[in-house]
Amino acid sequence: MPFSRFSLSLIVCFVLFLSVLGSLPPTIVQSAAPIQAVLPTPIATPTPRPADAPVRVGLQVGHWKSSELPDELERLRGSTGAVANGLREVDLNLAIAKRVEKLLIARGLLVDLLPATVPPGYDADVFVAIHADGSTSRVARGYKVATPWRTSAASAALADALALAYSKATGLPRDGAITFNMRGYYAFNFRRHEHAVAMTTPAVILEMGFLTNAADRKILYDRADSVAKGITNGIVAYLNTRDPSDGAALLPPNFPVYRVIADNTAVRSAPRDNASILLRINSDHRLFPFQRRNGWLEIVVRGEWRVVGWVREDQLLATDDPFPTPPPTSG
């Protein structure tokens, strides 16, 4: 799709900005564990920290101190999350987050244990919102990891590292049914909310398992140390493999709205041709992508907001339709 003059001007400014920043020396962070704790260059964060500062990790405790949420999030005040067998999600979230905090501090990282209220424009090297799931079905089980709607390469890498480490540590199955509310989680939505993470903060939300499922609940409570270890290992794995000098990886993509070239195109559950078909769509549907992977785009379909799947990029055409702001979510 041809660029507008305005887009070209932005690109030129961005390249000039990079050339200036390229002359800055890299900054190294010392830690007690052998991880690559190198801070990003100033372009990577809107408020660069001192060169000798440790890597900063934000752990948000889902529903903790929700009564103190600001007016813009008034609808969420008082929520303590899922409840099962007299157990509250918020208490579990806090217990696990404190374990993770201790493990990360032992590795020399700076950890912020955050309540439901995120500081405006919260800027960190990692942000993980810790939650547990609930369902009216006692059969539903497994963990989920989700990134924001428009997923930066850094957020995608963090999600992949966390999912792999968490699965290995806990043995829990992965529930791939990422909900609309998870993608639109308020702490990600810096376009709508003041109390949200900065645009360049790699961010994910983790649903550790279903509080309403007996098997999941047993793991979450009886093997809390394993749960915390899985989260910690995922964060550290991401920090070990990221490229701290790659400021572009922290920037969310700015996709256009797409439509399919041919009617009856399949939206698939994974970025491969043999993945199961979630939905078939026509050229009058509009698709809102939020990440690219190996020639595929992960999209949501207008009017089918709860269907999140993958379409091959060569099956799509860009449109001039505006990209909508996701509606407010329940948490």
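Two residues are in contact here when heavy atoms of theirs lie within 4.5 Å. Keep that cut-off at hand for the exercises below, and remember that the model is predicted.

**Exercise 1. Describe the surroundings of His 131, starting from its contacts.**

*Solution.* Begin with the position: His 131 sits in strand E5. Next, collect the contacts, setting aside neighbours within four places in sequence: Gly 62, His 63, Glu 89, Asn 93, Tyr 185, Ile 205, Leu 206, Glu 207 and Met 208. Now look for polar contacts of the side chain. One joins the side chains of His 131 and Tyr 185 at 3.0 Å, and another links the side chain of His 131 to that of His 63 at 3.5 Å. Finally, check the burial: the relative accessible area of His 131 is 5%. The cut-off for buried is under 20%, so His 131 is buried.

**Exercise 2. Find out what is notable about the phi of His 63, and compare the setting of Asn 264.**

*Solution.* First, recall the background: most residues other than glycine have a negative phi. His 63 is not a glycine, yet its phi is positive, about 75°. Asn 264 also has a positive phi, near 70°. Second, place the two residues. His 63 belongs to the loop between E1 and strand E2 (83-84), while Asn 264 belongs to the loop between strand E8 (258-260) and strand E9 (265-268). Third, look at accessibility. His 63 has a value of 19% and therefore counts as buried. Asn 264, at 47%, counts as partly exposed.

**Exercise 3. Work out the span of H6 and the elements its buried residues pack against.**

*Solution.* Start with the helix itself. H6 covers residues 224-241, 18 residues in all, and reaches 26 Å from its first C-alpha to its last. That is close to the 26 Å expected at 1.5 Å a residue. Then list the buried residues, which include Val 227, Ile 231, Ile 235, Tyr 238 and Leu 239. Glycines are found there too, namely Gly 230 and Gly 234. Last, name the packing partners of these buried residues: strands E1 (56-61), E5 (126-133) and E7 (203-210), together with helices H2 (89-106), H3 (153-170) and H5 (214-222).

**Exercise 4. Identify the residues with the most contacts inside the largest nonpolar core, and the element that gives the most to it.**

*Solution.* The core holds 45 residues, and Met 208 and Ile 231 have the most contacts inside it. At least two residues each come from E1, H2, E5, H3, E7, H5 and H6. H6 gives the most, with 8 residues. To see this from a single side chain's position, follow Ile 231: not counting residues up to four places away in sequence, it touches Ile 96, Val 100, Ile 130, Leu 162, Tyr 166, Leu 206 and Met 208. Apart from this core lies another of 20 residues, among them Leu 76, Ala 116, Ala 124 and Ile 205.

**Exercise 5. Trace the contacts of Val 126 and of Thr 201.**

*Solution.* Take Val 126 first. This residue is found in strand E5, and its relative accessibility is 0%, so Val 126 counts as buried. Beyond residues up to four places away in sequence, Val 126 touches Arg 56, Val 57, Gly 58, Leu 158, Pro 202, Ile 235, Tyr 238 and Leu 239. Now turn to Thr 201, in the loop between helix H4 (180-183) and E7. At 4% relative accessibility, Thr 201 is buried as well. Its side chain reaches two backbone atoms: the oxygen of Tyr 122 at 3.1 Å and the nitrogen of Ala 124 at 3.2 Å. With residues up to four places away left out, Thr 201 touches Tyr 122, Asp 123, Ala 124, Phe 127 and Ser 155.

**Exercise 6. Characterise the second largest pocket by its volume and its lining.**

*Solution.* The volume comes to about 520 Å³. Of the 25 lining residues, Gly 176, Ile 178, Arg 183, Glu 298 and Trp 310 are the closest to the centre. Then sort the lining by element: strand E6 (144-146), H3, strand E11 (287-293) and strand E13 (304-312) give two or more residues. E13 gives the most, with 5 residues.

Note on methods: Residues numbered from 1 in each chain as written. Predicted model: local features only at pLDDT ≥ 70, side-chain atom pairs only at ≥ 80, totals over all residues. Heavy atoms only, no water. Helix = DSSP H or I, 4+ residues; strand = E, 2+ residues; numbered from the N terminus. Expected span 1.5 Å × (residues − 1). Buried < 20%, exposed > 50% of the residue type's maximum accessible area, 1.4 Å probe, protein only. Polar contact = N/O pair within 3.5 Å; in protein donor to acceptor, adjacent residues only side chain to side chain. Core = buried A, V, L, I, M, F, W, Y, C linked by side-chain atoms within 4.5 Å. 1 Å grid on protein atoms, 1.4 Å probe; cavity = no way out; pocket = protein on both sides within 12 Å on 5 of 7 lines; lining within 4 Å. Points joined across faces, edges and corners; volume = space filled by probe spheres on them.
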